[in-house]
Amino acid sequence: MSVTLLAVIASMGLLSYLVLSTTVAPAFDNLEYASAEKNIVRVENAIQNDLQNLSAIVGDWAPWDDAHAFARGENPGFPKSNLDLPTMDNLAVDLLTIYDVDGKVLWCHLLRGGQKADYESLGILNSDNPQSAALIYHTKLDSRVEGLVQTALGPMQLSSQPIITSNKTGPIAGTMLMGRFFNAETKAALEERTEVSLTWHVLGDSALDAALEEEIVSATPHSFTYSVTDREVHAFGVLSDLYGKPMMILQANTPRQISALGNKTVDGALLFLLGAGLVVAVVTWFLLRRIIVLPLERLANHITGIRESGDLSLRLNESRGDELGALASEFDKMTLEVHDARRQLLDQSFKAGKADTAAEVLHNIRNAMTPLINGIDRLSKNFRFASGLRVQQATEELANAACQADRRDKLLQYIASAFSHIQKTSEDAINDLEVASRQARQVEAILSDQERYANVAPVIENLELQAIVEEAALVIPHKDQPGVVVDVEEGLDHFYVRAHRVGLVQVLGNLILNAYESIERAKCDSGTIRVTASHEIIDGEAMVRLTVSDSGSGFAEDVRNNMFQRGFSSKEGHQRGLGLHWCANSLSNMGGRIAAESKGPGLGAAFHVLLPAGGVGRRADGPRASEKTLARQSSPAGFRAGDAAADDIKEGLPSEYATG
Amino acid sequence: MQQDECIRVLIADDDQHILECYRTAFGDREVDESTQTLSTLEAELFESPTDSLARRRFDVVACSQGRDAISLAAEATRTGKPFDVVIHDVRKPPGIDGVEAGSRIRQLDPEVEIVFVTGFSDVTMSELARRVPPPVKLHYFNKPLSFMQLAESVADMVRAG
């Protein structure tokens, strides 16, 4: 059972692992990819916001009468009063350029690393650069150009708007251009604002694998490319330049906290399930063992006990109210029925065996005796005939000289024939005697054969005395009539003996019948037959003493010495019982003994039967009455019990206990 | 049957010694010449009656099995020489038992006297009478018994019948 439960737990753990690893863990991975995607979107939005912020600043400066007048050459002091370095620092821009309508640079400041730099070094804002025209020339009042541009000094956000009057009317006097470098500071600011670890790669100069770079660039809009390491998920996005050409790859680095949490969740769930399964298994094992296994073990042991001992009187006596209790109860009932059926079968077999044996013996002996009787019959007839022959008369006539010659011849012939007949009769007699002898030996052989079968041990059972005594007491002819009372000691149902049931019933029936007839012979109006039992230990063996005592005619000492001999009877006329000799033989075959005692004629008698004690089944109706009864019954007057009785047997007192 | 005719007896018993006893008691053995001479001389010299030893009264047919007995009874009936008496053992292993054989012989010959002789039978008389009727032609003897006395009884029952 334990191995089965462990197998169930292992199977449950494996199944749980498979379910969790195929459903829960991928769900966490998807959450992690979604988080990475949000991160890259957040960065892109932040960059877009920065660009819009830059455009807002330009949109604040370009429509200004002072700037408009400066662009038209009418306010030369404008830069000095407004476009100094602190202003650029306040605006957080690295480039500020004012063009006139012809694309000529009227004023320009480029800061790189906090120092002024030559704006020509950017390499992209020359008026003759066709790609710069969109930034330098505006034809509409609301024109607005912004975007990323890859400069010689690095990527830069640029925003350009036409310089118009403060009330946003024309004419367009020039162009105001502002820009910010995409540098480490920008990256740090973005990471701080978005709380995303960020890496960017300039196309053509990235540290990315070429295939991955190609995959990222060729991805459709609003789709994202990922790469996964043990620690991070990298989500990639592409930044295009002012002209719509891919320029940079943004890489949002998302730590794999979610999948780690997922793995922890899966591991925790597995541990919980395994722990819970183990607890459930232990509890189940305990309950199964207590509710099912142990009762089944008791039932199995009970069945084994019955099989090994053959004792069908054993009972489980389970008091449970569940199915196993019902099973045990039904098994007890079945055992009881089998016990009764076996007892009936044994009884019937015993009687049938006795009847068959008797019939066979009768048939064989009578058949064997028939030739014997007929041989003797014929012998008798032949000799009777021979004795009737008148040989003497014929001899006397022959001695008489007056006998006629022809009669003399016939007499001589008669005498010769008579002797011939006598000789033949003698020969027949020899044959008949041989037949008689042979048939006598055949009878002896039949009897010897019976003697051999008589030594076959009877079937020994564990017997409750109460039932045996009640059955034996039925032998009394008028048991229910007043006068003779059979007093069976209370508690006899706690005594068990190992004996042959039918034989013991016959022995006890014989003793009770003897007691009944003894009371009859005493010519008393009333009498008592008392049956008692006690436990004794004799030669280390547990025995039960059963005593049948009566208030009948009793017997003298010389009768006691002969009463167990073959053919003995103290009864006059017809004998109803089997005889004490037979009783002693039967008890001896069961490992028992019998003894008799009486204080004398007219003083009643007691017959004591010793039998091996039987085992008491697991009965619900109380313990066996042993020591209590022994103390009460062990020393009847004038009779020694226990080891003293055994000593008597050892010393060979012939009629103390007869063993057949 | 006339007074001087032999009584035809069919005897069935599985024990050969018992069959021999039957034959002896029913005078089936040939009376030897010396006994015949002796009996004749005695009658002539002393005017005494002829002894039964020298007189043969029974014609005995013996067999050991019930089926043989049925066949012999059928043959005797068919040839017009039926048996007067059939003597059967009740138990005759291994064939059919005597009661069954008696029942079939009764069907063949309603007039025959049937005698059961057995050491032991677990068949009651009423059962016998039911299976081998009529009771007046049914007889029962327990072994051991004197077959000479049985022979006299058989002769009486034939005379009475």
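This passage describes two sheets of chain A, the fold of chain B, the contact between the chains and some unusual backbone positions. The model is predicted.

Chain B has 161 residues. Its secondary structure comprises 6 helices and 5 strands. Along the sequence these elements follow the pattern β-α-α-β-α-β-α-β-α-β-α. The chain thus opens with a strand and ends with a helix. Of its residues, 36% count as buried. Contacts in chain B were also sorted by separation along the sequence. Among those with a separation of 6 or more, 73% join residues 24 or more positions apart.

Two cis peptide bonds were found in chain B. One runs from Pro133(B) to Pro134(B), with omega near 0 degrees. Pro134(B) sits in the loop between helix H5 (125–131) and strand E5 (138–142) of chain B. The other runs from Lys143(B) to Pro144(B), and here omega is near -5 degrees. Pro144(B) belongs to the loop that links E5 to helix H6 (147–160) of chain B. Strand E5 of chain B is therefore flanked by the loops of both prolines.

Chain A contains an open sheet of 4 strands, in the order E7-E10-E9-E8. The pairing in this sheet is antiparallel. Strand E7 (197–202) and strand E8 (225–228) of chain A are the edge strands, and each pairs on one side only. Direction ignored, neighbouring strands are turned by 25 degrees against each other on average. E7(A) pairs with strand E10 (residues 246–255) of chain A over 6 bridges. Within this antiparallel pair, His201(A) stands opposite Ile249(A) of E10(A).

Another open sheet of chain A is built from 5 strands, ordered E12-E14-E15-E17-E16. Its pairing is mixed. Strand E12 (484–488) and strand E16 (593–598) of chain A stand at the edges. Each has a single partner strand, so one side of each is left without a neighbour in the sheet. From one strand to the next, the twist averages 20 degrees. E16(A) and strand E17 (residues 605–612) of chain A run antiparallel and are joined by 6 bridges. Ala595(A) has His608(A), in E17(A), as its bridge partner.

The two chains touch each other. The contact takes 25 residues from chain A and 27 residues from chain B. On the side of chain A, helix H9 (323–387) and helix H11 (405–454) each supply at least two residues. H9(A) gives the most, with 15 residues. By type, the residues of chain A that touch chain B divide into 9 nonpolar, 9 polar and 7 charged.

Two residues of chain A have a positive phi although neither is a glycine. For Ala92(A), phi is about 55 degrees. Ala92(A) is found in the loop between helix H4 (85–91) and strand E1 (95–100) of chain A. Ala92(A) is partly exposed, because 15 other C-beta atoms lie within 10 Å, a count between the limits of 12 for exposed and 20 for buried. For Glu195(A), phi is about 60 degrees. Glu195(A) lies in the loop between helix H6 (184–194) and E7 of chain A. This loop leads to an edge strand of the 4-stranded sheet. Glu195(A) is exposed, because its 9 other C-beta atoms within 10 Å fall under the limit of 12 or fewer.

Key
Residues numbered from 1 in each chain as written. Chains lettered and ligands numbered in written order. Predicted model: local features only at pLDDT ≥ 70, side-chain atom pairs only at ≥ 80, totals over all residues. Contact = placed C-beta atoms within 7 Å. Pairing = 2+ DSSP bridges. Axes fitted to C-alpha atoms, helices over the stretch in contact; angles between N-to-C directions. Nonpolar A, V, L, I, M, F, W, Y, C, P; charged D, E, K, R; others polar.
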